[in-house]
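Hi,

Here's the structure I promised to pass on. Have a look, and my notes on what turned up are underneath.

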Amino acid sequence: MRPILLNGHTRSLTKIKYNREGDLLFSVSKDHTPTVWYSHNGERLGTYEGHNGTCWDIDVNGSTTRVLTGSGDNTCRLWEALTGKELHVFETRSAVRSVAFAFGDEEAIFVTDATMGNKSTIHFIKIAENPQEQQGPYKTIIVNDGESKFSIARWGYLNKTIVAGHDDGTISIYDAETGKLLRKAKDHTSTIQDLQFSTDLSYFITASKDTNSFIYDYDTLKILKRYPTERPVNSAAISPLKEHIILGGGQDAMSVTTTSVTAGKFEVRFFHKIFQEEIGRVKGHFGPINTLAFHPSGKSFASGGEDGYIRIHHLDPDYFTFKYDEEE
């Protein structure tokens, strides 16, 4: 399986995201420049110029007409997807850590950090058809006193809820209409780094610095499956095609310098979703893997690392004929 190496970012990757059709791959990193690529060959289509701080998250709407980015420069920016034109800048009082379009493309959310006396907040915006009529946030969910700040937020089933991960490992589900906390669970002991839904939105997978990845039932927040590892997990993704999940992570740079060269273990790890056993690893990155995404077809996946590279892996024919034997 020969990966396609995408070398366009000068600093470590923070998030990668396929559009709904899977023909484009969007990426952000600590180098301030969101980028879009053709996923089949890795050719760079263009960049989105305007941020002057680390870009933490990116999302593209279902029709691939709008892109949303969140940055450490205290802005969330809305772009025209295929031209790179900046349509609107949402000014904030702290870094924007997470962004997400609602299903149907009419709304979006972004999450601001807790700094300089500002509480961590989820901001709701309506996406205007005419960029000149774009308004700022019309509603917020502010983290309660004594609760840990938000690290990530995503829309739930039918846009009725917001599923949020916290810095202390808590998962919270809020009513998107009223902002009321519906349920929460605290099974992780450290930051929720990533949260990705299954295709039917009935469950989702988490990645945490506490070295674990869990699959949660959306309705009950009960853990359905556990994938313990021996290193921080930065990203986790669910295959839309096979009963597989992938995990990526590794020790941070500070830890690696005080241990052996191989201690980082920077592989993408495949697990059987049902039996929770590791079935393979894909090497390649020279630092921790920060972000993972399956192609919507399930026939390829992409990884973004601390080394500044994106690697697109088109899976071999053997992968699709592989049969898992529970007794092995």
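Disulfides first: a search of the whole structure, which is a predicted model, finds zero of them. Why is there no bond between C55 and C76? The sulfur of C55 has its closest cysteine sulfur in C76, but that one is 11 Å away, which is too far for a bond. A disulfide would need the two sulfur atoms within 2.5 Å. Looking from the other side, C76 is in no disulfide either, and its nearest cysteine sulfur is that of C55.

Are these two cysteines buried or exposed? C55 is buried, at a relative accessible area of 0%, and C76 is buried as well, also with 0%.

Next, the backbone. Most residues other than glycine have a negative phi, so I picked out a couple of positive ones for you.

- H32 isn't a glycine, yet its phi is positive, near 80 degrees. You'll find H32 in the loop between strand 3 (24-29) and strand 4 (35-38). With 31% relative accessibility, H32 counts as partly exposed.
- L158 also has a positive phi without being a glycine, at about 55 degrees. Where does L158 sit? Look in the loop between strand 14 (150-155) and strand 15 (161-166). L158 is exposed, with a relative accessible area of 53%, which is over the 50% cut-off for that label.

So, to recap: zero disulfides in the structure, C55 and C76 both buried, and positive phi values at H32 and L158.

Cheers

Methods:
Residues numbered from 1 in each chain as written. Predicted model: local features only at pLDDT ≥ 70, side-chain atom pairs only at ≥ 80, totals over all residues. Heavy atoms only, no water. Buried < 20%, exposed > 50% of the residue type's maximum accessible area, 1.4 Å probe, protein only. Helix = DSSP H or I, 4+ residues; strand = E, 2+ residues; numbered from the N terminus.
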